[in-house]
Amino acid sequence: MWLLSTDLVELKYFNGPKDVRGGYAILSHVWKKGEQSFQEVQDLLRQDGLSRAPHLAHKIRNCCELAQAHGYQWLWIDTCCIDKTSSAELSEAINSMFAWYASAQVCYVFLHDVPKPVSDTDADALARHGSAFRASEWFTRGWTLQELLAPDSVVFLSNSWTVLGTKASLARLLEEITGIDVDVLTFRKKLTDVSIARRMSWASRRRTTRIEDEAYSLMGIFGVSMPTVYGEGRRAFQRLQGEIIKQSADQTIFAWGDRIPLAQFPWRPQRTPPFHGFDPGSYLFASSPADFAGSADIVPVSMDVAAQTAYTLFCRGKLCTAKAYLRKRIRLHPHPERIQVPEFASTSHGIRCRVLLVEHRDGGSPFSVAVLACEHVSPEKGTRTGIGLILQRSPSPSTAKAAQYHTGLPSELLADEQRLPRPQRLLALNPHTGPLSPRLTVRWRKLFLAQAAADAAARVPTLPLRFLFPAWQLVELEKRGFVAQPAPERGRGALRTPVLYTRWHMYSVVFRHAATGEAFAVQLGRCEDALWATVSFTPAASQWDCDGKDEDGDGEGDGAYPLEVHQYTSPSECERHHISRWPDGSKTFGDADRSVRLTFSRRQQEPDDLYVVDVQLAGRVYKGVRRVGCYFSPGQTSVDAERSEATLVEPGARSLVGEV
């Protein structure tokens, strides 16, 4: 790792923290625009020789002065001490960064948005509700989590470089802000003694500039190493979880998502539920740390404890009791299967698992529950509840011997007041639950669980659903005078529709010609798990000539009438407009005067639940309408239209005809 001398003489490379005689200091901060890179700092030091570099950034100079005043010769700053032009050096630095922070003599935390307290005697200023310290951006960034956890000594600095306090003195306040236990911050409890789910929850509300850094910034916290591949997107977090399960038996890594009470679980649903295998919540691995936001209170337990909970709940019948009694009399283990060791291994067919499975005896239900070796501890009551992972058998045929399962229970199978816009993954195994079905079995099974893939090849409707009108598309339509309503949030950016969560949810985007009143509406909606789309047309309220006068001379408009308006109340009604039935994802609406062709596609860079909408206009009316604001009737020829428009374009202005 490269270190900067505090006297601003040189950048020097050290193989490891132990090679730095006298130790070193380290700076933690939030990156801002204009940060100087390794090459820039190196060039400045070469130009100025042995003197201090006057052109160095204030942040670098001030930190060097502070570290030198505290007796440190060397300083590490991530902006200028990593050669990011070398992918090998960048990967090495990221993999070893936690160790470098942990070995530093002191870590300075520069808070650019926290001023110095007005009074040195006002010790409670930082802790006040709504204080700048509590609201500092530093607590929201992904990389700063390890920078808080790893070093022994952390000193917080205001934006004027005055000391605000240390990690030890502010431990209680830091716990309130970050959710990290005081004992962990003060090293009375080892980081490895904290459950994986709780460590993930610390990062659940933090953000990173690059998606991949959501995973890379957590490698040191979980003690794993892996190559860094910028550009892989969400797959980085999948790889991180894969590396974690290779080294840890902590099953809380699978305990993310929503929990439902045991009494609400439909062991034998009355109807065949929709398969949700491509929903982000239907995979074993989480898609981002944000999925663990509600998992801070889940702790690991031994498999014996988890198995005992399962047998207590699901083996209450007289037959089970008699079998247990007989086994006890002949001095056999009452539940010999529970001594097996759970297994989770990554394969090309998913995660190969050996789990304790609860399922219906006749095997007719697609749902079962895998008992996890973890419990939820209520922070208010202190009660402990077992955790089960809800599984749904995939209906797709497989050449593998074992069937593949996805996780989660579709919301459609729950009561209306309990539904959420995502599958419910976890089942609360409460020992005090009332009588359950006597036809449930508990046994060890080997099966495969679907593992989320960032580049999943399947492109099918998922829950929830969104649509995107690209920015270039909106510009091209605006050239023809049609402006989208509602407008994009960012001026001329892309237009994203709200999420369509539930069936019969519909959303319309209206494109209106300001000068003529011509309009068409793209209606987007869903019924069950199918998407549908239509187009409704509204001709101009009156036929205006190029001078803005009513053509028929009666002073009244002809009235706007819709050519097509669709409101659906059942799947059979809207089935003909399902996008899945369109050839190549395209369909044309309208007539010879006005027609709109819709095409739906996907983008590899976008989430699986997002459709990209392409809109193409045709017809005699739309062919003549242009941004200049003149309305051409269907009877005009294209030559007349071009000639009429030419008279409306100012001298020297560029005509828009032919540009669309």
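Here is a short tour of a predicted model, going from its sheet to the helices that lie against it.

**The sheet.** Start by colouring the strands. Seven of them form an open sheet, in the order E2-E1-E4-E3-E5-E6-E7, with mixed pairing. To find the edges, select residues 11-13 for strand E2 and residues 163-166 for strand E7; each of these pairs on one side only. As you rotate the view, look at the twist: neighbouring strands are turned by 30° against each other on average, direction ignored.

**A pair inside the sheet.** Next, select residues 24-28 (E3) and 74-77 (E4). These two strands run parallel and are joined by four bridges. For one place to zoom in, show Tyr-24, whose bridge partner in E4 is Trp-74.

**Helix H2.** Now add residues 58-69. This helix packs on the sheet and touches E1 (2-5), E3, E4, E5 (106-110) and E6 (154-157). Its direction makes about 140° with that of E5. Which residues of H2 are buried? Show Lys-59, Ile-60, Arg-61, Cys-63, Cys-64, Leu-66 and Ala-67 to see them.

You can also check the length of H2 with the distance tool. At 1.5 Å a residue, its twelve residues should span 16 Å, and the C-alpha atoms at its ends are 16 Å apart, so the two values agree. Then step past the end of the helix to Gly-71, which follows H2 and has a positive phi, near 95°.

**Helix H3.** Finally, select residues 87-103. Helix H3 lies across E1, E2, E3, E4 and E5, and runs at about 110° to E3.

Technical notes. Residues numbered from 1 in each chain as written. Predicted model: local features only at pLDDT ≥ 70, side-chain atom pairs only at ≥ 80, totals over all residues. Heavy atoms only, no water. Pairing = 2+ DSSP bridges. Axes fitted to C-alpha atoms, helices over the stretch in contact; angles between N-to-C directions. Contact = heavy atoms within 4.5 Å. Expected span 1.5 Å × (residues − 1). Buried < 20%, exposed > 50% of the residue type's maximum accessible area, 1.4 Å probe, protein only.
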